[in-house]
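Dear colleague,

Please find below the structure I promised to hand over, together with its sequence. My notes on the charged pairs follow directly after it.

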Amino acid sequence: MSRTNDEVWIVGATGRVGRGVARRLAARGLTVVPVGRSRERLLAAGLPADAKVVVADSAERIADEIVQARPRVVVNTMGAFAATAPVIARACMPGGHYVDQANDVVAVNGLLALHDEAMRAGSTLVTGAGFGVLATEAVVAKLRAGRPTPHRVRTDAVASVSVEAGTLGAALAASIVDVLTSGGRRYENGRLVTAPLGADPQRLTFPDGESATPAGVASGDLVAAHAASGAPFVTATSALVPAAPLVRALLPALGRLLSFPAVRRLVIDRLGRVRTKATPRPRRHSWGHAVVEWPDGTRHEGWLRAGDGMDFTADVTATVTELLSRGAGRPGAWTPAAAFGADLATTAGGTFILH
């Protein structure tokens with residue numbers, strides 16, 4: 001096994017999640033090394049002038065730096081995870097560990113496909129370490145614990161996020177485009193099949209009395225819920241998908257257009273440059289929701305309540321990273337609750353409400 005040092009590298013350290021993770025880990029006494037395209041931008045985030053930073057402008061160059069330096073854990077917040085995650089995660093092996101916040105089917109399945117490789121290398125790879133994936137995966141795991149395999153599962157992710165003043169950013173823009181180009185998915189008879197993006201909308205009233213209408217999406221929540229439950233029928237929805245019928249009708253055509261690489265690059269570039277005004281989060285809480293049903297008609301429902309969805313994501317990523325840096329975890333590729341249990345969500349600040 002290759003020796004690693006005690007450093008934790010934060011790829012994309014100037015973004016909102018990257019900054020939040022770096023602050024949390026530094027406060028816990030870990031040696032944090034920011035990684036980004038510009039030393040000036042990295043230092044502008046409040047680092048001392050003599051702080052160690054790594055300047056690299058692509059996943060491939062970052063991977064080269066990882067192979068040379070051998071950090072203990074690499075946190076990838078740069079986005080476009082379907083492309084960047086396998087490159088960076090492989091560079092961490094053998095012996096080093098990897099964490100990201102991916103939440104689309106392609107990216108999550110792509111990293112989980114490295115499971116056997118990571119086991120042989122003695123490395124732990126964790127994908128979906130954020131509100132996306134964990135907020136619903138943890139509820140499914142709680143409802144499923146100690147019970148037979150259910151027949152049907154539905155999850156709903158409703159993040160409430162404040163907006164910072166500035167630009168939208170390439171990572172978030174790429175994530176939005178990835179959702180649109182991936183279309184919809186669901187599990188039927190244990191098989192992952194296509195479904196219309198925005199299918200299965202449902203008006204939800206949360207335990208605090210507020211409400212929203214999430215709709216179907218090809219999210220990492222879907223993959224994690226299927227793995228956590230073993231149910232042959234699984235659907236996943238998100239409040240990020242427009243639920244209005246007219247908008248949903250236009251989504252397939254928009255997705256096909258964005259599937260052309262040149263169009264995708266142009267839209268991500270333009271969208272990432274969009275200026276945003278500071279606005280508070282639209283609801284008091286973020287909610288992960290799951291309904292689990294068994295063949296005999298038994299039905300259990302549960303919620304995970306969190307604060308700002310982006311802050312919860314930073315807390316989850318920091319918690320997973322600290323655990324890995326201190327020797328916890330087991331080799332392989334995992335989603336967060338599969339790696340560390342459903343109570344990871346409460347450690348990161350969430351609260352379960354189970355019926």
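Arg284 counts as partly exposed, because its relative accessibility of 47% falls between the 20% and 50% limits that set this class apart from buried and exposed. Please bear in mind that this is a predicted model.

Arg284 forms a salt bridge with Glu210, in which the closest N and O atoms are 3.8 Å apart. Since Arg284 sits in the loop between β15 and β16, and Glu210 in the loop between β11 and β12, the pair ties together parts of the chain that are 74 residues apart in sequence. Glu210 is itself partly exposed, with a relative accessible area of 23%.

Arg284 also forms a salt bridge with Asp208, and here the closest N and O atoms are 3.9 Å apart. This pair, too, links distant parts of the chain, with Asp208 in the loop between β11 (204-205) and β12 (211-212) and Arg284 in the loop between β15 (275-276) and β16 (286-293), 76 residues apart.

In total, the structure holds 16 salt bridges. One of them pairs Arg28 with Glu322, the closest N and O atoms being 3.1 Å apart. Arg28 lies in the loop between α1 (16-27) and β2 (31-36), whereas Glu322 belongs to helix α12 (residues 309-325), so this salt bridge ties together parts that are 294 residues apart in sequence. Arg28 counts as partly exposed, at 31% relative accessibility.

With best regards

Key: Residues numbered from 1 in each chain as written. Predicted model: local features only at pLDDT ≥ 70, side-chain atom pairs only at ≥ 80, totals over all residues. Heavy atoms only, no water. Salt bridge = Lys/Arg side-chain N within 4 Å of Asp/Glu carboxyl O. Helix = DSSP H or I, 4+ residues; strand = E, 2+ residues; numbered from the N terminus. Buried < 20%, exposed > 50% of the residue type's maximum accessible area, 1.4 Å probe, protein only.
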